[in-house]
Each structure stands twice: as structure tokens, then as C-alpha cells.
Amino acid sequence: MGSGERSLTDYDIPDGLLYTKEHEWAKIISEKEVVVGITSYAAEQLHDVVFVELPQPGNEVSQGKSACTVESVKSTSDVMSPFSGKVTKVNDELPTHPELVNKEPYNRGWFFVLEPSNLEREKANLMNASEYRKYLQSLSSK
Amino acid sequence: MAKITQLYSAYKDRAKLTEFAGYLMPLYFRGIIDETMAVRNAVGIFDVSHMGRLRVSGRDSSKFLNRLLTVNIEKGENGKAMYGFMCNQQGGIIDDLITYKLTDELYILVVNCANKGKDLDWMNTNANGMDLRIEDMTDESILLAVQGPKSSEVLDNFNYLKRFRFDLSKYGNDELMVARTGYTGEDGFELMLHNVSHQNPERGLKLYSDLVEKVNSKGGLEAGLGARDTLRLEAGLPLHGQDISEDITPVEAGMTRFVDTSKEYIGREAHILQQDDVKRRLVGLVAYDNCIPRPHQKVYLGTNEVGMVTSGTFSPVLKRGIAMAILQKEALDQSNAFEIEVRGKRCKAEIHQFPFYDAETYGFRRKKLD
């Protein structure tokens, strides 16, 4: 239910994914295929996601730059791309079912797939699951 | 350090909290959409104890308030709640408020949390030489809102109250003021329980939990400020500090029905002068193409910038973006279709009357299904 006193250990932060400071996740399927979404922490901060504006397949995106936007009742947020590259596929379910972002942020709530242009070098700028958990803890203790 | 209301401990573990006008308040419990729809279809309960509660008493109370406020206080009978404006000499809105008339010599004013300090300053400035007492009773009372079509089942003892009427009752041995007022567009009640301080909040907490239980039993929910904001915007009710301010008059806000220029009050001359020559108006806009307007976005007619969004949200009832915007009268005379600049792109928006929802389906005027 509510999250007034929710502990950060309650957030689902799957191992095996890479994470950004802006709370996106990236799943490397192959060197040509990376799936991108937002974390359960981001989904809960937004809450009530009502619209998702996806990028166009073919769009070039840059690491740390806005790739698309997500709208909740009260706010609009950018989704920052975890890698540079070209968008190859988008989640067609999201425009009609934006609630998937809240319900299944790591599964059916994915945003887009990209073909990275600088995978190995840019990986160094991202966090693994345990680093991201620590990062969330540092945010809560501020 | 943010302030809290006397009821904070009742919900702090259940609510997602947010800071609003210096108070740590529930933003939502289950979610803004669920809570908005609960109020539209059943009932919701809100802690609104952050709102300022000012007591005005003394022989000159009626005379004082009638000069201070745009509504005709002297015309209203005892037991009436009156919505109106406190304006400056230029006619701008210092605050919008509800005045509860207990007697000719005793009133309670419910004012916006963020404006309470400047309201008190303005009131004291204008109270010189009058037989009058102005007291802030915010920290010694609580205010709850029970809103929605089933609110009359939760407060079934008070169904005799007509809209914008109130009565004094008892909760145990304590005085409880119950009013048929609200900020959602729905039928609803606002309840004020006195003598509930931060040191002794127990009776307030008891009233809150009693009401939450009844609300839940009617299929209703506890609701936060997130739902309160979508509800008031769907109903076309302005929020001071956003849609109305000291720079906007009730004439520009299209709210002259709460202004009585036949009596003397501060700001009257400005309002009379403006009535036939209003340059801009506060209007409602419905957005198209999955676009959600947000405050401060610019509004265009063709290539001309003609105004600004003052409030914007996703409407859970309409399932699209809605907004209040202040637009040039000249542009409004030419067109009812505009464009809002949203993140570098133009999105179509059309003028819509208030309320945004169908008043036969939602709101206090809805057709009752029996």
C-alpha cells in the first residue's frame, strides 16, 4: 500500500541488470540488443503512470540523455537512455497499458530496445544491482 | 522542519507523504486515480487540518467582514457558509475563503494554509478602532472533509443540511461543526472539531478513525492531496497561488457570482471598472493527443502567445489532460481552439466549461439513481 516508512530493501532490484542514477535499468541480451526500462523505485516515485511517449524505432539516443517521457497524474519525467545507440524496437503495449510500468517494471513494463554503439565503454558509467541498492540507500539517508 | 497536523500519527504509516505549504501531508494512500474515482463514485475522507481556521468575534464582526470580503456577509443568515474573496485595493485576490456565520458577532473563516499569515496581517491592518477579536484556532482544532455521493450515508445524521449550510453538533461532549461544503464538486461535508491540540490529539484521532471505518464500509477510501487536486480541477475550482492570486481579480477569474458590488468592500471600485473591460480570463482547457498540460506552459493561437496554463493534470474521469489557463480576452473572442506548448511541441486544446465532467453523471448536481 502506502510507502510512508517503506524501507529501501523492499524494492525489487534484480541482479544481472545495469542501473543508472536516474533509475533506469538496462538488460544486455547481446552486443546488439539492450532492453531498457525504469526501476521499481522510479515507478513507485511516479505512481499512477498514465501516458508513455515512446521513441520512434530508428531514433538515435545518447547515454544519459532523454529518450522518451513518462507522465503520471502529477508530473512529467524524462527516461534517460542508459546507452548510446539506435532504437530498434518499442513496447507497443505501453501506450494502451501504461499501468504496466507500475505493475511489472522489469517485465511487461519495458520501454524500448536499442542497438548500442559503444557498449563496453559506456558500461563503466552504470551500476550493478548491489551498487544501485547502495545508491538508493544513500538517497534515503540524505 | 515541516509541520504536521494533529492527525499525522493516524495515517503516517499508510500514506505516501508530501510537503505542502509547510505541512507534511498525505499525497496518496492507494493512488491518486483510485482515490479520485472513490470520491466520484462512493466517498473519500481527507485530513484538511492544514487549512487555516480563524475566529472573528465581537460587536463589529459583521461590519468588519462585510468590508473585508466580496460576499455580502450581512445578508447571510446564521448557519450559512459563504464562499468569497479577500481582495486588495487593486481588486486582486489576497485569498479565497469560506466564512461560516454562527451569529452576527461570531464567524469562523477557513483560509488557505499558505496564505494564513498574510490574511491575518491584512485583517489586522483593517481592524483599527473596531470592537473585534481575531484569533488563529488552527492548532486547536481539526478539519476533515468527507466527500462523494455516499458521504450522506457516512454522515446520515446530517442529511437535513442543505448545500453551504452548517450546524453545531456534539462529538461526545465536544462541539462539532458540520458543514455541507467541500472542494471536490461532489456532495460532501466538512467537519471541524474544536479543542484538539498537538498535546491532546486523542479525540481528533478517534473521530478520524470512526469516520475512516464508516467510509471504508461504504466502499470509500482515505484520500490525499493528490486526489484533492485532481478533484477540484475536474470541478473547475481554482487553487489560490496557482489559478488565482493577488495579480488576478474575481472578474478575470470569471467568479463574479461571489462578488457583490452593491455593497462597499475593499477592491470594489477596481471590480466595477473592470467588469466591462476585462483583458484576460481564467478558462478551462481540454487537451488532445495524450497530452497533459502542466503549470506555466504557454498557450498559443496560431503564432501568437495568448496566455499561460495555471493548473494542469490528468483527469481520471475524462481520461485525458485538463487545465486551467489564463488567456487574453481578445484571443477568446476569436477562437475556442488553442495550442499548448508542451516540451517543445504543440498540443491541441479546446475551451471547456466548468465542471469538466458531465454534471448529470458526476458532481453534486448529478441525477440520483434510485
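**Asn59(A)**

I started with Asn59(A), which sits in the loop between strand E4 (49-53) and strand E5 (60-61) of chain A. The model is a predicted one. Is Asn59(A) buried or exposed, or something in between? I get 17 C-beta neighbours inside 10 Å, so Asn59(A) counts as partly exposed. I also took one distance from this residue. Thr76(A) is 17 residues away along the chain, and the two C-alpha atoms are separated by 21 Å.

**Chain A overall**

I then listed the secondary structure of chain A and found four helices and nine strands. Read from the N terminus, the order is β-β-β-α-β-β-β-β-β-α-β-α-α. The radius of gyration is 14 Å, and the globule rule gives 14 Å for 142 residues, so chain A is as compact as a globular protein of that length. Along the principal axes, the C-alpha atoms fill a box of roughly 40 × 35 × 20 Å. Burial comes to 41% of the 142 residues. I looked at contacts in chain A between residues at least 6 apart in sequence; 64% of them join residues at least 24 apart.

**His47(A)**

Backbone check next. Most residues other than glycine have a negative phi. His47(A) is not a glycine, yet its phi is positive, about 55°. I placed His47(A) in the loop between helix H1 (40-46) and E4 of chain A. It has 20 other C-beta atoms within 10 Å and is therefore buried.

**Chain B overall**

For chain B I noted nine helices and 19 strands. A compact globule of 370 residues would have a radius of gyration near 21 Å; chain B has 20 Å, which agrees. The C-alpha trace spans about 65 × 50 × 50 Å along its principal axes. I found 50% of the 370 residues counted as buried. Of the contacts in chain B between residues at least 6 apart in sequence, 69% join residues at least 24 apart.

**Two backbone oddities in chain B**

His296(B) also has a positive phi, near 80°, and is not a glycine. It lies in the loop between strand E14 (280-287) and strand E15 (298-301) of chain B. I get 10 C-beta neighbours inside 10 Å, so His296(B) counts as exposed.

Most peptide bonds are trans. The bond joining Phe354(B) and Pro355(B) is cis, with omega about -10°. Pro355(B) belongs to the segment after strand E19 (345-352) of chain B.

**Helix H2 of chain B**

I moved on to H2(B), which is mostly covered, with seven of its ten residues buried. Which residues of H2(B) are buried? They are Ile32(B), Ile33(B), Glu35(B), Thr36(B), Ala38(B), Val39(B) and Arg40(B). What covers them includes strand E2 (23-28), strand E3 (44-47), strand E9 (141-147), strand E13 (221-222) and H7 of chain B.

I singled out Glu35(B), a residue of H2 in chain B. It has 28 C-beta neighbours inside 10 Å, so it counts as buried. Leaving aside neighbours within four places in sequence, Glu35(B) is in contact with Tyr28(B), Phe29(B), Arg30(B), Gly44(B), Leu221(B), Ala223(B), Gly224(B) and Ala227(B). I checked the C-alpha separation from Gly224(B): 7.8 Å, with the two positions 189 residues apart along the chain.

**H2 against H7**

Two packed helices are described by the angle between their axes and the distance between the axes. For H2 (residues 32-41) and H7 (residues 225-234) of chain B, I get axes that come within 8 Å and cross at roughly 55°. H2(B) and H7(B) are therefore oblique to each other. The crossing is right-handed. H2(B) brings Ile32(B), Glu35(B), Thr36(B) and Val39(B) to the contact, and H7(B) brings Gly226(B), Ala227(B), Thr230(B) and Leu231(B). By class, I count four nonpolar, three polar and one charged residues in this contact. An α-helix has 3.6 residues a turn, so residues three or four places apart point the same way.

**Where the chains meet**

Last entry: the interface. How many residues of each chain are in contact with the other chain? I find 20 residues of chain B in contact with 14 of chain A. On the chain B side, the elements that give two or more residues are strand E1 (16-20), H2, H7 and strand E16 (304-315). By class, that side has eight nonpolar, five polar and seven charged residues.

How values were computed: Residues numbered from 1 in each chain as written. Chains lettered and ligands numbered in written order. Predicted model: local features only at pLDDT ≥ 70, side-chain atom pairs only at ≥ 80, totals over all residues. Axes fitted to C-alpha atoms, helices over the stretch in contact; angles between N-to-C directions. Parallel < 35°, antiparallel > 145°, perpendicular 65-115°, else oblique. Left-handed = near helix turned anticlockwise from the far one by under 90°. Contact = placed C-beta atoms within 7 Å. Nonpolar A, V, L, I, M, F, W, Y, C, P; charged D, E, K, R; others polar. Rg over C-alpha atoms; globule rule 2.2 N^0.38 Å. Buried ≥ 20, exposed ≤ 12 C-beta atoms within 10 Å, placed from the backbone.
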